[in-house]
Amino acid sequence: MRYELTEAFAPWAKESARLHLPSYLAGVFFHLAVFTALGLAVGSLVPGLGPRLVSLGWPVRVVLLLGLFCGLGLLVKRLTSKRMRALSVPEDYLANLLGGAMVAAALIALSRPTWLHGLHLVTAALLLYLPL
């Protein structure tokens, strides 16, 4: 179990990552942004913490923005690469779109706190989709 959750994710342990390091790194940044957005969504539900989360500075925005662009880049690659399209199933596209929507909603919510409800809605959709 330890290997599956640690070393198995390392680029040198996966031939696909080793051969496609930019895509691997884009995936890492995209997932980092998704987990950051999830943290913002969950943290904003804690009484009194929401307004402080919205006032987070530029480092969080940079993580979210970079992750969003990486996620969009991976989606474009999946759509335009004949090999990737052959390997992809509809769930791959849906997961990318839901994750990207959550990151985008988090970015908007950091600038417009009234968007926290939108972030919560997209996060709920993603969390409902995950077990499927």
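Visitor: Which residues have the most contacts inside the largest nonpolar core, and how many residues does that core have?

Guide: As a general idea, nonpolar side chains in soluble globular proteins tend to be buried together. In this model, which is predicted, the largest nonpolar core has 23 residues, and those with the most contacts inside it are L64, M102, V103 and L119. Four helices each supply at least two residues of this core, namely helix 3 (21-43), helix 5 (58-80), helix 7 (90-111) and helix 8 (116-129), and the largest share, 8 residues, comes from helix 7.

Visitor: If I take L119 from that list, with which residues is it in contact once its neighbours within four places in sequence are left aside?

Guide: With those neighbours left aside, L119 is in contact with A37, L40, A41, M102, A105 and A106. Of these partners, A37, L40 and A41 are listed among the buried residues of helix 3, and M102 is itself one of the residues with the most contacts inside the core.

Visitor: How many helices and strands does the protein chain have, and how many of its residues, in per cent, count as buried?

Guide: The secondary structure comes to 8 helices and 0 strands, so that, by the way such runs are assigned, the elements read α-α-α-α-α-α-α-α from the N terminus on. Of the 132 residues of the protein chain, 32% count as buried, while the accessible surface comes to about 8,600 Å², with 74% of that area belonging to carbon and sulfur atoms. Contacts can also be sorted by separation along the chain: among those between residues at least 6 apart in sequence, 62% join residues at least 24 apart.

Visitor: How should I read helix 5, and which of its residues are buried?

Guide: A helix can be checked by its span, and because 23 residues at 1.5 Å a residue should span 33 Å, the 32 Å between the end C-alpha atoms of helix 5 agrees with what is expected. The buried residues of helix 5 are L64, G67, L68, C70, G71 and L75, and they pack against helix 3 and helix 7. To read such a list, recall that an α-helix has 3.6 residues a turn, so residues three or four places apart point the same way.

Visitor: Are L74 and G73 in helix 5 buried or partly exposed?

Guide: L74, which lies in helix 5, has a relative accessible area of 21% and is therefore partly exposed, since buried means under 20%. Not counting residues up to four places away in sequence, L74 touches S23, A26, G27 and N96, and its C-alpha atom is separated by 10.0 Å from that of Y93, 19 residues apart along the chain. G73, also found in helix 5, counts as partly exposed at 37% relative accessibility, and the C-alpha atoms of G73 and G27, although 46 residues apart along the chain, are separated by 9.6 Å.

Visitor: What does helix 3 look like when I read it in that way, and which residues form the nonpolar patch on the surface?

Guide: Helix 3 has 23 residues and reaches 32 Å from its first C-alpha to its last, close to the 33 Å expected at 1.5 Å a residue. Its buried residues are A26, G27, F30, A33, V34, A37, L40, A41 and G43. On the surface, L21, L25, F29, L32 and L66 form a nonpolar patch with about 400 Å² of accessible area together, and helix 3 gives the largest share of the patch, 4 residues. One of its members, L32, lies in helix 3 and is partly exposed, with a relative accessible area of 42%.

Visitor: How many salt bridges does a search of the whole structure find, and which residue forms a salt bridge with D92?

Guide: The search finds 1 salt bridge, in which D92 pairs with R78, their closest N and O atoms being 3.5 Å apart. The pair links distant parts of the chain, with D92 in helix 7 and R78 in helix 5, 14 residues apart. D92 is partly exposed, at a relative accessible area of 28%.

Visitor: With which residues is R85 in contact, apart from its neighbours within four places in sequence?

Guide: R85, found in helix 6 (residues 82-87), is in contact with R78, L79, T80 and Y93 when those neighbours are left aside. R85 is partly exposed, with a relative accessible area of 40%, and one of its partners, R78, is the residue that forms the salt bridge with D92.

Note on methods
Residues are numbered from 1 along each chain as its sequence is written. This is a predicted model: local features need pLDDT of at least 70, side-chain atom pairs count only at pLDDT 80 or more; totals for chains, interfaces and linings use all residues. Side-chain values use heavy atoms; hydrogens and water are left out. A nonpolar core is a set of buried Ala, Val, Leu, Ile, Met, Phe, Trp, Tyr and Cys residues joined through side-chain atoms within 4.5 Å. Buried means under 20% relative accessible area, exposed over 50%, partly exposed in between (1.4 Å probe, protein chains only). Contact means heavy atoms within 4.5 Å. Accessible areas come from the Shrake-Rupley method with a 1.4 Å probe; for residues, only the protein chains shown count as cover. A salt bridge is a side-chain nitrogen of Lys or Arg within 4 Å of a carboxyl oxygen of Asp or Glu. The expected span of a helix is 1.5 Å times one less than its number of residues. Patches are made of residues with over 30% relative accessible area and no salt bridge: like charges are joined within 9 Å, nonpolar side chains (Val, Leu, Ile, Met, Phe, Trp, Tyr) within 5 Å.
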